[in-house]
Amino acid sequence: MRTAAERRELLKVVYEEARGCVRCPLHQTRTNVVFGAGDADADLMFIGEAPGANEDKMGLPFVGQAGKLLDTLLGEIGLERRQVWICNVLKCRPPANRDPHPNEIEACQDYLRSQIALIEPRVICTLGNFATKLMRGDMTGISRLHGREEERVVGSRAVRLYPLYHPAAALYTPSTLQMLRADFHRIPELIALGPLEQPVPVELVPELELEVPQPEEPPVAEVAEPAAQLGLF
């Protein structure tokens, strides 16, 4: 088992790798890689879709109007941004804030899975459709799933996955904000349930050391001269 300090150091290694990433064309248009921010030992993780213009400029996730709403909702349940981990499916901004492309999600998901494995959250809140579909491996939309927690194994980590509407979708739609706020207020009780039992790491089964029977030595003829060496070598 790694210590918290060891996990944080490994997270820094992943961050440095992401900073120089050229796995997809988005590196050609980004200003900054938006890796994530918050507590590297957080019990609660939020995963959004992709950085926007403000995030790309500052290198931090959720710093625009949607981020301010997220801060407000966190405050309502007694938490601050520094106590949770916030990141996105994509670490680089898509041009003109377009939807992420499948090849971009594929290229970037190893960074996200490393974050989950190293931070070891109890609860992961997926914000919006893209994060929810990726984490669930299913195309069911957020309108059917929001506020319904489920136990999932993401990569190597068992977590309580809790889909929520994206704060950006709630900024100008009062009904969506009402649903988001109601779902948000259930987060403390999910955290209080404690960590799930984790999957046993798959290990190679060691080869059994079987005792191979040896053939019996053939009888040695009784002769006056010393017997020839007839044993097996």
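Here are some numbered notes on this predicted model, for anyone meeting it for the first time.

1. Let's start with how far to trust it. The chain has a mean pLDDT of 88, and 86% of its residues come in at 70 or more. Two stretches call for care. Over residues 204–213 the pLDDT stays under 50, and the model shows zero contacts there beyond four places in sequence. The other stretch is 218–233, where pLDDT is again below 50, with five contacts in the model beyond near neighbours in sequence. Where pLDDT is low, the predicted coordinates should not be read in detail.

2. Now have a look at helix α1, residues 4–19. Does its length agree with what its residue count would suggest, or disagree? It agrees: at 1.5 Å a residue, 16 residues should span 22 Å, and the end C-alpha atoms sit 23 Å apart.

3. Staying with α1, which of its residues are buried? They are R7, L11, V14 and A18. Looking down the helix axis, these buried residues fall within an arc of 60°, so they line one face of α1. Among the elements covering them are β3 and α4.

4. Those two elements, β3 (85–88) and α4 (102–119), also frame a loop that holds A96. A96 has a positive phi of about 60°, even though it isn't a glycine. Is A96 buried or exposed? Its relative accessible area is 72%, and the cut-off for exposed is over 50%, so A96 counts as exposed.

5. N97 lies in the loop between β3 and α4 as well. N97 is another non-glycine residue with a positive phi, near 60°. Its relative accessibility is 44%, which makes N97 partly exposed.

6. Next up is strand β6, residues 157–164. How many of its eight residues are buried? Eight of the eight are, so the strand is largely enclosed by the rest of the structure. In a regular strand the side chains alternate between the two faces of the sheet. For β6, both faces are covered: R157, V159, L161 and P163 are buried on one side, and A158, R160, Y162 and L164 are buried on the other.

7. What pairs with β6? One partner is β4 (residues 123–127), which runs parallel to β6 and is joined to it by five bridges. To find this pairing on screen, look for C125, whose bridge partner in β6 is Y162. Y162 is also one of the buried residues just listed.

8. Strand β5 (residues 150–154) pairs with β6 too, again through five bridges, but here the strands run antiparallel. In this pairing V153 stands opposite A158 of β6. β5 and β6 make a hairpin with two residues between them, and G155 in that turn has a positive phi of about 65°.

9. Last stop: A131, in helix α5 (residues 129–136). With a relative accessibility of 0%, A131 is buried. What does A131 touch, leaving aside residues up to four places away in sequence? The contacts are I47, G48, V89 and T126. A131 and N88 are also worth viewing together: the two are 43 residues apart in sequence, while their C-alpha atoms are 7.7 Å apart in space.

Terms used
Residues numbered from 1 in each chain as written. Predicted model: local features only at pLDDT ≥ 70, side-chain atom pairs only at ≥ 80, totals over all residues. Heavy atoms only, no water. pLDDT = per-residue confidence, 0-100. Contact = heavy atoms within 4.5 Å. Helix = DSSP H or I, 4+ residues; strand = E, 2+ residues; numbered from the N terminus. Buried < 20%, exposed > 50% of the residue type's maximum accessible area, 1.4 Å probe, protein only. Pairing = 2+ DSSP bridges. Expected span 1.5 Å × (residues − 1). Arc of directions from axis to C-beta.
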